Amino acid sequence: MNRGLNRFAILVACATFFLIIAGALVTSHDAGLATPDWPLSNGQVFPKMVGNLFWEHGHRMVATTVGMLTIVLMIYILRTEKRSWVRKLGIFALIAVIAQGLLGGLTVKLMLPLAVSTAHATLAQLFFCTTVSLAVFTSRSWMEATPIQEENGTLPLRPLCTAALVTIFLQLIIGATLRHSATWDQHLPTGLILTHIGGALVVTITLGRASITTLRRYKDEKFLARPALVAFLLLGLQLLLGMAAYWTRLKSPDDPQPLNPMVAITVAHVACGALVFVSTIVLTLRTYRVLPASVQSSSFSLSAANAKG
Ligand code: HEM
Ligand code: HEM
């Protein structure tokens, strides 16, 4: 295990989380078109950071830093990592961050069309997923994890967690479409809100089931129990933030400008959504690392025990 590489991968993942918050601040302040040009801002490399340009250009600068960190991470991985699939993931991270930067530039050039802004918000989550996965794969706990031979119960955890992961990802896409369908001075489309609330229900069922089952079966296995508990608690927080975001967005069209409570709550909802997603990724990856593909049903265990005498 390379401690330095793991620490660096964690740093890149944390920087990406900060970048997601910086991006969400651009959207919530409606600052996406603070400058209509790209890659320069108002024709300058470093414009005066006044008004909405603070959020828009600030986001570009954080994105540039993360892009450079990703280049260093890829070189670090290619120089020190032997597992070819981890090396490939390092290369993929760099491709993803470049594509994300291009989508960011494109959404400005095209004046924030729904499809491009939504794709930019979605790829941000996928890139975050990639950096967190790299941090997981290079960690000591991953390298030293010992497989658990048997899993008792009716449903295996691997597909349960995968189902939770897929539904969360779909929910993030619906959330991004909803968020970019109306600026602060417009009302959110009812159909999309209802779809997003339906999605929240499905996520609550799938992630609730996956995390509670993990906690019931493996409460003493920190490797699995910890991300399950974190994902479960974050889900509760995300539901509360979602309701608060809905309430503040309901009132925001009457405000003279995007006000701080609405900005803070909607940004927190985006950030917590990213954390729900990555904590479920950590849980899912770890189930694939240590658990068998299928369960040992209790009736089967009983007959096997009887056969043994
Ligand atoms: C390279 C990594 C980047 C990441 C991970 C990233 C991430 C994000 C995120 C998470 C959002 C918020 C989406 C939302 O709240 O729904 C956002 C918004 C935005 N980003 Fe980026 N971004 C990156 C690069 C860039 C670049 C290079 C630009 C160049 C102009 C850019 C321009 C924008 C704009 C204009 C918005 C607001 C879109 C809107 O209000 O519709 N981004 N970004
Ligand atoms: C599992 C639960 C949930 C998850 C994972 C989730 C995730 C998200 C994400 C990631 C976004 C923004 C996407 C982006 O632009 O990148 C979003 C937007 C939004 N969500 Fe949720 N959400 C959940 C539950 C809820 C609930 C229960 C409500 C309550 C009605 C809600 C209301 C909203 C609203 C109003 C927006 C748009 C905010 C804005 O216009 O700024 N969400 N959601």
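**Exercise 1. The shell of ligand 2**

How many residues surround ligand 2, and which are the closest?

Solution. The model is predicted, and its local features need pLDDT of at least 70, side-chain atom pairs count only at pLDDT 80 or more, and totals for chains, interfaces and linings use all residues. Residues are numbered from 1 along each chain as its sequence is written, chains are lettered from A and ligands numbered from 1 in the order in which they are written, and side-chain values use heavy atoms, with hydrogens and water left out.

Step 1. Count the residues with a heavy atom within 4 Å of the ligand. For ligand 2 the count is 23, and the closest are Arg179, His196, Gln238, Arg249 and His269.

Step 2. List polar contacts, meaning pairs of N or O atoms within 3.5 Å; within protein, one must be able to donate a hydrogen and the other to accept it, and residues adjacent in sequence count only if both atoms are side-chain atoms. A side-chain N or O atom of Arg179 is 2.7 Å from an oxygen atom of ligand 2. For Arg249, the distance from such a side-chain atom to an oxygen atom of ligand 2 is 2.9 Å. In the side chain of His269, an N or O atom is 2.8 Å from a nitrogen atom of ligand 2.

Step 3. Assign the shell to helices, which are DSSP runs (H or I, at least four residues; strands are E, at least two) numbered from the N terminus. Two or more residues of the shell around ligand 2 come from each of α6, α7, α8 and α9. The largest share is that of α8, with seven residues.

**Exercise 2. The iron atom of ligand 2**

Identify the protein donors of the iron atom of ligand 2 and classify the site.

Solution. Step 1. Donors are N, O and S atoms within 2.8 Å of the metal (3.2 Å for Na, K and Ca); water is not among the atoms, so sites may look incomplete. His196 and His269 each coordinate this iron atom through NE2, at 2.0 Å.

Step 2. Place the two residues. His196 is in helix α7 and His269 in helix α9, so the pair ties together parts 73 residues apart in sequence.

Step 3. Check the angles. Six donors count as octahedral if opposite donors are over 155 degrees apart and all others between 65 and 115. The six donor atoms here give angles of 87 to 179°, and the site is octahedral. Ideal angles for six octahedral donors are 90 or 180 degrees.

Step 4. Check burial (buried is under 20% relative accessible area, exposed over 50%, partly exposed in between; 1.4 Å probe, protein chains only). Both His196 and His269 are buried.

**Exercise 3. The iron atom of ligand 1**

Work through the iron atom of ligand 1 and the shell of that ligand.

Solution. Step 1. The protein donors are NE2 of His59 and NE2 of His120, 2.0 Å from the iron atom. His59 belongs to helix α2 (residues 53–80) and His120 to helix α4 (residues 114–137), so parts 61 residues apart in sequence are tied together by the pair.

Step 2. The angles among the six donor atoms run from 87 to 180°, which makes the arrangement octahedral.

Step 3. His59 counts as buried because its relative accessibility is 15%. His120 is buried too, at 17%.

Step 4. Ligand 1 is surrounded by 26 residues, the closest being His59, Ser117, His120, Arg179 and His180. An N or O atom in the side chain of Arg179 is 2.9 Å from an oxygen atom of ligand 1. For Thr27, the distance from a side-chain N or O atom to an oxygen atom of ligand 1 is 3.1 Å.

Step 5. α1 (3–28), α2, α3 (84–109) and α4 each give at least two residues to this shell. The most come from α3, with seven residues.

**Exercise 4. Two helices**

Compare the span of α7 and of α1 with expectation, and describe their surroundings.

Solution. Step 1. The expected span is 1.5 Å times one less than the number of residues. Helix α7 (residues 190–217) has 28 residues and reaches 40 Å between its end C-alpha atoms, close to the expected 40 Å. For the 26 residues of α1, 38 Å is expected and the end C-alpha atoms are 38 Å apart, which agrees.

Step 2. Among the buried residues of α7 are Ile193, His196, Gly199 and Ala200. Their cover, by contact (heavy atoms within 4.5 Å), includes α6 (157–179), α8 (222–251) and α9 (260–290).

Step 3. Asn2 caps the N-terminal end of α1, with a side-chain oxygen 3.1 Å from the backbone nitrogen of Gly4. Just after α1, Asp30 has a positive phi of about 55°.

Methods:
Four donors count as tetrahedral if all angles lie between 85 and 135 degrees; four count as square planar and six as octahedral if opposite donors are over 155 degrees apart and all others between 65 and 115; anything else is irregular.
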